[in-house]
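Work through these exercises with the model open beside you. Try each task before you read its solution.

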Amino acid sequence: MFSILGYFLLGSAIIALGVTYQVRHIENDWWALIKYNLTIAPFLFFANTLLSMGFGKGHAVMNNMAATVALQTILYYGFLILFSYYLLGDKISFFKAIGGVSLIAAGIWVLKS
């Protein structure tokens with residue numbers, strides 16, 4: 001189970017960091033975004049490979065793909081919240097963030113049962 005969490009944590013962190021970096025530093029025009037996406041492609045490939053490993057191993061352990069994907073989603077949104085707050089300076093309500101993550105966690109519990 002620790003390897004599954006490791007795959008999900010690292011893969012989700014890379015993708016969330018890439019999105020956050022793009023919003024902060026890359027101009028919102030076609031050529032800048034194309035160049036950025038070509039530059040970050042190897043990192044996204046690595047992150048998606050990690051996530052694929054996690055999904056395969058997670059499904060083998062949990063026998064429930066929806067719950068496996070929901071677990072990865074909660075980790076991804078956790079990283080987005082952290083990076084948005086610390087790197088972008090977004091004003092995120094702590095209670096709303098906890099509420100949203102709690103709803104996803106409740107969804108995992110429902111899907112797993």
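**Exercise 1: the buried residues of a helix**

Task: list the buried residues of α3, then find which helices they pack against.

Step 1. The buried residues of α3 are Ala 67, Thr 68, Ala 70, Leu 71, Gln 72, Ile 74, Leu 75, Tyr 76, Phe 79, Leu 80, Phe 83 and Ser 84. Buried means under 20% relative accessible area, exposed over 50%, and partly exposed in between, with a 1.4 Å probe and protein chains only.

Step 2. These buried residues pack against α1 (2-25), α2 (30-62) and α4 (94-112). A contact here means heavy atoms within 4.5 Å.

Step 3. Recall the helix geometry. An α-helix has 3.6 residues a turn, so residues three or four places apart point the same way.

A note on the source: this is a predicted model, in which local features need pLDDT of at least 70, side-chain atom pairs count only at pLDDT 80 or more, and totals for chains, interfaces and linings use all residues. Residues are numbered from 1 along each chain as its sequence is written, and side-chain values use heavy atoms, with hydrogens and water left out.

**Exercise 2: helix length**

Task: compare the expected span of α3 with the distance between its end C-alpha atoms.

Step 1. Helix α3 covers residues 65-86, which is 22 residues. Helices are DSSP runs (H or I, at least four residues), numbered from the N terminus.

Step 2. The expected span is 1.5 Å times one less than the number of residues. That gives 32 Å for α3.

Step 3. The end C-alpha atoms are 32 Å apart, which agrees.

**Exercise 3: the start of α3**

Task: describe Asn 63 and the contact made by Asn 64.

Step 1. Asn 63 lies in the loop between α2 and α3. Asn 63 is exposed, with a relative accessible area of 62%.

Step 2. Check the backbone. Phi of Asn 63 is near 55°, a positive value in a residue other than glycine.

Step 3. At the start of α3, a side-chain oxygen of Asn 64 comes within 3.3 Å of the backbone nitrogen of Ala 66.

**Exercise 4: a nonpolar patch**

Task: which residues make the nonpolar surface patch, and which helix gives the largest share?

Step 1. Leu 17, Leu 82, Tyr 85, Tyr 86 and Leu 87 make a patch of about 520 Å².

Step 2. Helix α3 supplies the largest share, 3 residues.

Step 3. Tyr 86 sits in α3. Tyr 86 is exposed, with a relative accessible area of 62%.

Definitions and conventions. Helix = DSSP H or I, 4+ residues; strand = E, 2+ residues; numbered from the N terminus. Polar contact = N/O pair within 3.5 Å; in protein donor to acceptor, adjacent residues only side chain to side chain. Patch = residues over 30% accessible without salt bridge, like charges linked within 9 Å, V, L, I, M, F, W, Y side chains within 5 Å. Areas by Shrake-Rupley, 256 points an atom, 1.4 Å probe, with all protein chains shown as cover. Salt bridge = Lys/Arg side-chain N within 4 Å of Asp/Glu carboxyl O.
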